[in-house]
Amino acid sequence: QVQLVESGGGLVQPGGSLRLSCAASGRIFSINAMGWYRQAPGKQRELVATITSTGTTNYANSVKGRFTISRDNAKNTVYLEMNSLKPEDTAVYYCKAVIRDYSTSRAVYTYWGQGTQVTVSS
């Protein structure tokens, strides 16, 4: 079984910065891609950023130029550096990973973390 654990959320002022981390653990053969999604109460979950196994990144238009996604393959960890934060960035941020496990079948599954709260307010 694979688990994702997020950390780094908190309360910041508008214009401030925050760095989120997500560590994957378990019987992992390879990680195809990892990403961050966010969801506010009563709203749909939306994509924020993704990164592939080869390092290709993709960002939502609303965060381009402000957020940076990166990964540390040795630690099976993905990061989200958030700069110039705005009140509309307030949400629970969820880590997502597409992982091939270490079983003989090398099955591919999508996993979600428990979420970490980010609040941007004066």
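The side chain of Asp-89 makes a polar contact with the side chain of Arg-66, at 2.8 Å. A polar contact here is a pair of N or O atoms within 3.5 Å; within protein, one must be able to donate a hydrogen and the other to accept it, and residues adjacent in sequence count only if both atoms are side-chain atoms. Asp-89's side chain also reaches the backbone nitrogen of Lys-86, again at 2.8 Å. This is a predicted model, in which local features need pLDDT of at least 70, side-chain atom pairs count only at pLDDT 80 or more, and totals for chains, interfaces and linings use all residues. Residues are numbered from 1 along each chain as its sequence is written, and side-chain values use heavy atoms, with hydrogens and water left out.

So where does Asp-89 sit? It lies in the loop between strand S8 (77-82) and strand S9 (91-101). Strands (E, at least two residues) and helices (H or I, at least four) are DSSP runs, numbered from the N terminus. Despite being a loop residue, Asp-89 is buried, with a relative accessible area of 1%. For the record, buried means under 20% relative accessible area, exposed over 50%, and partly exposed in between, with a 1.4 Å probe and protein chains only. Leaving out residues up to four places away in sequence, Asp-89 touches Arg-38, Arg-66, Phe-67, Ser-84, Val-118 and Val-120; contact means heavy atoms within 4.5 Å.

Two of those neighbours lead on to other spots. Ser-84 is in the loop between S8 and S9, and it has a positive phi of about 50 degrees although it is not a glycine. Most residues other than glycine have a negative phi. Ser-84 counts as partly exposed, at 42% relative accessibility. Arg-106 is another non-glycine residue with a positive phi, near 55 degrees. It is found in the loop between S9 and strand S10 (108-112) and is partly exposed at 28%.

Arg-38 is the other lead. Its side chain makes a polar contact with the side chain of Glu-46, at 2.8 Å. Glu-46 lies in strand S5 (residues 46-52) and is partly exposed, with a relative accessible area of 38%. Not counting residues up to four places away, Glu-46 touches Tyr-37 and Arg-38. Glu-46 and Trp-36 are ten residues apart in sequence, with 8.8 Å between their C-alpha atoms.

Trp-36 turns up again beside strand S3 (residues 18-25), which holds Ser-21. Beyond four places in sequence, Ser-21 touches Val-5, Glu-6, Ser-7, Trp-36, Val-78 and Tyr-79, and at 19% relative accessibility it counts as buried. Leu-18 is in S3 too and is buried, with a relative accessible area of 15%. Its contacts outside the four-place window include Gly-8, Gly-9, Leu-80, Met-82 and Val-118.

Thr-116, in strand S11 (residues 116-120), is buried at 11%. Its side chain reaches the backbone nitrogen of Gly-9 at 3.2 Å. Other neighbours, setting aside those within four places in sequence, include Glu-6, Leu-20, Ala-91 and Tyr-93.

Here are three pairs by sequence and C-alpha separation.

| Pair | Apart in sequence | C-alpha to C-alpha |
|---|---|---|
| Glu-46 and Trp-36 | ten residues | 8.8 Å |
| Leu-18 and Met-82 | 64 residues | 5.2 Å |
| Thr-116 and Gly-9 | 107 residues | 5.3 Å |

Now the whole chain. How many helices and strands are there? The secondary structure comes to zero helices and eleven strands. The radius of gyration is 14 Å, close to the 14 Å that the globule rule gives for 122 residues, so the chain is as compact as a globular protein of that length. That radius is taken over C-alpha atoms, and the rule is 2.2 Å times the number of residues to the power 0.38. Along the principal axes, the C-alpha atoms fill a box of roughly 50 × 25 × 20 Å.

Buried residues make up 40% of the 122 residues. Among contacts between residues at least 6 apart in sequence, 57% join residues at least 24 apart. The chain exposes about 6500 Å², with carbon and sulfur atoms supplying 48% of it; accessible areas come from the Shrake-Rupley method with a 1.4 Å probe, and for residues only the protein chains shown count as cover.
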